[in-house]
Amino acid sequence: MVITLRNIVKAYDNKKESGRAVDGLDLEIKKGEFVALLGPSGCGKTTTLMMLAGLLKPTSGEIYFGGKLVNHVEPKDRNIGMVFQSYALYPHMTVRDNIAFPLRERKMPKAQAYERAKDMSRIVQIDHLLDRKPAQLSGGQQQRVAMARALAKDPDILLLDEPMSNLDARLKLDVRDEIRKLQRELGVTTIIVTHDQEEALAISDRVAILNGGKIQQYGPPHELFGEPANLFVASFLGNPPMNLIEGLIMEDNGVQAVVTSGFSLPIPDARRLEGSHAGKAVRLGIRPHDLRLTDASDPQGIAMKVDLVEHLGSGKLVKAVDPAMKLGGMIRLLADNEARVQAGDTIYMRVRDDKFHVFDAA
Ligand code: ADP
Ligand code: MG
């Protein structure tokens with residue numbers, strides 16, 4: 001079932017133009033797809049999910065499930081499974097009754113609902129806990145109960161709101177894999193809300209990046225990372241974050257270059273900006289792993305002074321400033337563990353294979 005959101009607006013306070021939690025959102029999710037809504041706190045992720053569930057009504061715009069307008073369809077008639085950030089388990093009920101609850105609501109006979117609850121509990125590996133109450137479970141086990149309950153009625157759509165935010169870092173990785181595997185097996189169209197970019201990129205077919213109630217970019221993870229559409233996406237995605245340096249476009253004999261106060265980079269012909277942009281203010285974006293160390297004899301080497309070296313385990317994060325302090329702040333470079341570099345050193349860096357981005361200055 002294809003899900004389509006068309007020009008969705010949600011204003012909690014109907015009067016205020018500025019108070020739009022969701023502000024003209026267009027999104028299409030294919031059948032069986034796993035999509036993440038990713039963005040900073042308050043950008044409208046949960047609000048969007050609640051509108052999909054039918055628990056909130058859009059102020060304007062349309063929601064379609066498989067071509068059918070569902071704006072006025074009640075939550076219980078949408079065949080949706082939902083896992084809330086808090087899990088929202090019924091504390092006075094056993095695990096068995098929690099999982100069976102949505103089935104009982106649909107008037108499924110008790111024995112049959114319990115049978116189904118048992119099957120679901122096996123799938124998420126909690127069948128030994130069916131007689132317990134939520135308070136007698138660990139966070140990870142509660143999370144599994146919430147998943148089993150959401151999947152029990154064989155939903156067309158699975159909605160997950162920060163389902164792993166209450167799990168510790170190690171468990172999160174395991175649960176992440178399990179959710180993805182389960183989703184693949186069942187083929188259920190799934191939308192996950194998260195503020196964790198690593199989680200979103202790892203688990204999803206496509207990611208929608210939201211800011212201020214608007215979609216900034218929607219695409220597969222490698223595309224968002226490799227070709228960020230704007231400065232927000234560029235600065236939001238990536239850890240350590242992309243270097244963003246103020247610059248100007250200059251043109252000489254038809255050759256364009258980005259000129260910063262410390263160095264300049266010619267723009268390859270294939271990526272030429274259309275038309276004349278001479279004098280245009282831009283931001284030059286370079287990911288830390290797209291800068292590498294070189295030596296003083298390299299004509300393209302940019303001299304820098306090391307301020308700080310952080311050990312990341314997988315490599316060293318070098319934070320450096322240009323000697324004249326003109327670039328405005330620290331430049332981050334990712335070096336191998338073997339690299340001999342320490343605070344106070346003068347280093348030379350260069351950009352790998354034209355791996356840089358040029359954005360309109362905000
Ligand atoms: P996210 O899930 O991305 O953190 P939300 O969708 O919860 O963001 O919130 C989006 C915006 O709407 C925020 O500015 C938040 O303060 C506001 N908001 C959320 N719920 C309500 C509500 N019930 N009443 C008024 N404003 C709300
Ligand atoms: Mg939220």
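**Entry 1: domains**

I looked up the domain assignment first, and it splits the protein chain into domain 1 (3–236) and domain 2 (243–360). I note that the model is predicted. I took the C-alpha centres of the two domains and found 40 Å between domain 1 and domain 2. Then I checked the contacts across the boundary. Here 5 residues of domain 1 are in contact with 5 residues of domain 2. I sorted the residues on the domain 1 side by type: 3 are nonpolar, 2 are polar and none is charged.

**Entry 2: the whole chain**

I stepped back to the protein chain. Its C-alpha trace spans about 80 × 45 × 35 Å along the principal axes. I counted secondary structure next, and the chain has 8 helices and 20 strands. Of the 362 residues, 34% are buried. I also looked at contacts between residues at least 6 apart in sequence, and 64% of them join residues at least 24 apart.

**Entry 3: the sheet of 6 strands**

In what order do the strands of the 6-strand open sheet run? I read off 6-7-8-3-9-10, with mixed pairing. Strand 6 (80–83) and strand 10 (214–219) are the edge strands, and each pairs on one side only. The twist from one strand to the next averages 15°.

I picked one pair from this sheet to follow. Strand 7 (residues 157–161) and strand 8 (residues 189–194) are parallel, with 5 bridges between them. Within that pair, I found aspartate 161 opposite valine 193 of strand 8.

**Entry 4: the sheet of 5 strands**

I moved on to another open sheet. Its 5 strands follow the order 13-12-11-14-20, and the pairing is antiparallel. Why is one side of strand 13 and of strand 20 left without a neighbour in the sheet? Strand 13 (264–266) and strand 20 (357–360) stand at the edges and have a single partner strand each, so one side of each stays unpaired. In this sheet the twist averages 40° from one strand to the next.

I followed strand 20 to its partner. Strand 14 (residues 281–286) runs antiparallel to strand 20, and 4 bridges join them. I noted two facing pairs. Glycine 285 is opposite histidine 357 of strand 20. Valine 282 is opposite aspartate 360 of strand 20.

Then I checked where the side chains of strand 20 point, and they alternate. His357 and Phe359 are buried and point to one face. Val358 and Asp360 point to the other face and are not buried.

**Entry 5: the nonpolar core**

I looked up the largest nonpolar core, which has 82 residues. Which members touch the most others? They are Ala148, Leu159, Ala208 and Ile209. Helix 4 (residues 139–152) gives the largest share of this core, 7 residues. Domain 1 (3–236) and domain 2 (243–360) each supply at least three residues to the core.

I took a closer look at isoleucine 209. I left aside its neighbours within four places in sequence. The contacts of isoleucine 209 are then Leu38, Gly39, Ile215, Gln216, Gln217, Leu224, Val233 and Phe236.

**Entry 6: helix 1**

Is helix 1 (residues 45–53) mostly covered or mostly open? It is mostly covered, with 7 of its 9 residues buried. I listed the buried residues of helix 1: Lys45, Thr47, Thr48, Leu49, Met50, Met51 and Leu52. Just after helix 1 comes glycine 54, with a positive phi of about 85°.

**Entry 7: glycine 238**

I finished with a loop residue. Glycine 238 lies in the loop between helix 8 (231–236) and strand 11 (243–252). Why is glycine 238 partly exposed? I counted 18 other C-beta atoms within 10 Å of glycine 238. A buried residue needs 20 or more and an exposed one has 12 or fewer, so a count in between is partly exposed.

I looked for contacts of glycine 238 beyond four places in sequence, and found Phe225 and Arg287. Glycine 238 and phenylalanine 225 are 13 residues apart in sequence. From C-alpha to C-alpha they are 7.3 Å apart in space.

Terms used:
Residues are numbered from 1 along each chain as its sequence is written. Chains are lettered from A and ligands numbered from 1 in the order in which they are written. This is a predicted model: local features need pLDDT of at least 70, side-chain atom pairs count only at pLDDT 80 or more; totals for chains, interfaces and linings use all residues. Two strands pair if DSSP finds at least two bridges between them. Helices (H or I, at least four residues) and strands (E, at least two) are DSSP runs, numbered from the N terminus. Axes are lines fitted to C-alpha atoms, for helices over the stretch in contact, and angles run from 0 to 180 degrees between N-to-C directions. A nonpolar core is a set of buried Ala, Val, Leu, Ile, Met, Phe, Trp, Tyr and Cys residues joined through C-beta atoms within 7 Å. Domain bounds come from an automatic or database domain assignment. Two residues are in contact if their C-beta atoms, placed from the backbone, lie within 7 Å. Ala, Val, Leu, Ile, Met, Phe, Trp, Tyr, Cys and Pro count as nonpolar, Asp, Glu, Lys and Arg as charged, and the others, Gly among them, as polar.
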